[in-house]
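This report describes the architecture of a single protein chain and its bound ions. The account begins with one residue and then widens to the whole chain.

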Amino acid sequence: MYIIDSSKTPKPEETVGEYLRRLRESANISQQDLAEAAGIHLQSLGKLERGLTKRLNSKTKKGLAIALNIPEEFLEAVLNGKSVEGVIQKQFCPRCWKGGTTPDPVWTLSRAKYCLICGNVLLNSCQKCQEPLMSFKHKFCPNCGTPYTKKNK
Ligand SMILES: [Zn+2]
Ligand SMILES: [Zn+2]
């Protein structure tokens with residue numbers, strides 16, 4: 001399972017250039033290597049890191065996300081000046097999620113409607129009273145006491 005490494009999340013106030021450079025330097029890779037791995041021009045990467053380019057097209061975003069092993073949503077968050085918490089959706093699979101544990105990013109970091117693991121519809125609220133899920137630390141709905149997930153058979 002992919003666990004979000006907190007050193008890879010963008011810091012508040014960090015620009016996309018600073019963020020990219022920090023990730024690249026912490027992974028100890030050269031601009032040349034990163035540009036190659038991401039499938040972009042070295043010059044484009046240089047411009048990005050120096051803050052001369054503030055926009056990424058979807059191909060660049062995808063390439064950089066794969067090369068740096070981060071979710072594309074992190075890059076989007078930095079580009080839009082949002083915190084990562086803002087891009088994490090409170091969605092879970094009622095079959096695969098174990099209530100109270102860190103959810104799988106395949107539910108929370110995507111706009112998916114279905115679980116990529118079992119195909120079940122993703123939920124963002126209590127199945128009984130529809131009260132929205134407030135925290136992944138909760139196992140039961142604070143409003144009606146219903147468990148968020150079905151018991152594992
Ligand atoms: Zn599932
Ligand atoms: Zn409820």
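Is Cys-126 buried or exposed? In this predicted model, Cys-126 has a relative accessible area of 1% and is therefore buried, the cut-off being under 20%. Cys-126 is one of the residues that coordinate the zinc ion (ligand 2).

## The zinc sites

The zinc ion (ligand 2) is held by the SG atoms of Cys-126, Cys-129, Cys-141 and Cys-144, at 2.3 Å. Its arrangement is tetrahedral because the angles subtended by the four donor atoms run from 103 to 117 degrees, and all of them lie between 85 and 135 degrees. Along the sequence, the donor residues follow the spacing C-x2-C-x11-C-x2-C. Cys-126 and Cys-141 link distant parts of the chain: they are 15 residues apart, and each is placed in the segment after helix 7 (105–108). Cys-141 counts as buried, at 3% relative accessibility.

The zinc ion (ligand 1) is coordinated by the SG atoms of Cys-93, Cys-96, Cys-115 and Cys-118, at 2.2 to 2.4 Å. The angles between these four donor atoms span 103 to 113 degrees, so this arrangement is tetrahedral. For tetrahedral coordination by four donors, the ideal angle at a metal is 109.5 degrees. The donor residues of the zinc ion (ligand 1) are spaced C-x2-C-x18-C-x2-C in sequence. Here the pair linking distant parts of the chain is Cys-96, in the loop between helix 6 and helix 7, and Cys-115, in the segment after helix 7, with 19 residues from one to the other. Cys-96 is partly exposed, at a relative accessible area of 31%, whereas Cys-115 is buried, at 4%.

The table sets out the donor distances and angles of the zinc ions.

| Zinc ion | Donor residues (SG atoms) | Distance | Donor angles |
|---|---|---|---|
| Ligand 1 | Cys-93, Cys-96, Cys-115, Cys-118 | 2.2 to 2.4 Å | 103 to 113 degrees |
| Ligand 2 | Cys-126, Cys-129, Cys-141, Cys-144 | 2.3 Å | 103 to 117 degrees |

## Chain and domains

The secondary structure of the chain consists of seven helices and zero strands. Read from the N terminus, the order of elements is α-α-α-α-α-α-α. Along the principal axes, the C-alpha atoms fill a box of roughly 55 × 30 × 25 Å. The chain has 153 residues, of which 39% are buried. Its exposed area is about 9600 Å², with 50% supplied by carbon and sulfur atoms. Among contacts with a separation of 6 or more, 48% are between residues 24 or more positions apart.

The domain assignment divides the chain into domain 1 (6–87) and domain 2 (89–153). Taken over C-alpha atoms, the centres of domain 1 and domain 2 are separated by 30 Å. How many residues of domain 1 are in contact with domain 2? Five residues of domain 1 are in contact with five residues of domain 2.

## Nonpolar cores

The largest nonpolar core has 22 residues, and within it Val-16, Tyr-19, Leu-20, Leu-64, Ile-70 and Leu-75 touch the most other members. At least two residues of this core come from each of helix 1 (16–26), helix 2 (31–38), helix 3 (42–49), helix 4 (58–68), helix 5 (72–79) and helix 6 (84–87). Another core, of 12 residues, lies apart from it and includes Trp-97, Trp-107, Cys-115 and Leu-133. Cys-115 is thus listed in this second core and also among the donors of the zinc ion (ligand 1).

## Helix 5 and helix 2

Helix 5 is mostly covered, with six of its eight residues buried. These are Glu-73, Phe-74, Leu-75, Glu-76, Ala-77 and Val-78. Which helices do the buried residues of helix 5 pack against? They pack against helix 1, helix 4 and helix 6. Just after helix 5, Gly-81 adopts a positive phi of about 65 degrees.

In helix 2 lies Ala-37, which counts as exposed because its relative accessibility is 54%, over the 50% cut-off. Leaving aside residues up to four places away in sequence, Ala-37 touches Gly-63 and Ala-67. Ala-37 and Gly-63 are 26 residues apart along the chain, and their C-alpha atoms are separated by 7.3 Å.

Methods. Residues numbered from 1 in each chain as written. Chains lettered and ligands numbered in written order. Predicted model: local features only at pLDDT ≥ 70, side-chain atom pairs only at ≥ 80, totals over all residues. Heavy atoms only, no water. Core = buried A, V, L, I, M, F, W, Y, C linked by side-chain atoms within 4.5 Å. Buried < 20%, exposed > 50% of the residue type's maximum accessible area, 1.4 Å probe, protein only. Helix = DSSP H or I, 4+ residues; strand = E, 2+ residues; numbered from the N terminus. Donors = N, O, S within 2.8 Å, 3.2 Å for Na, K, Ca; no water. Tetrahedral: all angles 85-135°; square planar, octahedral: opposite > 155°, others 65-115°. Contact = heavy atoms within 4.5 Å. Areas by Shrake-Rupley, 256 points an atom, 1.4 Å probe, with all protein chains shown as cover. Domains from an automatic or database assignment.
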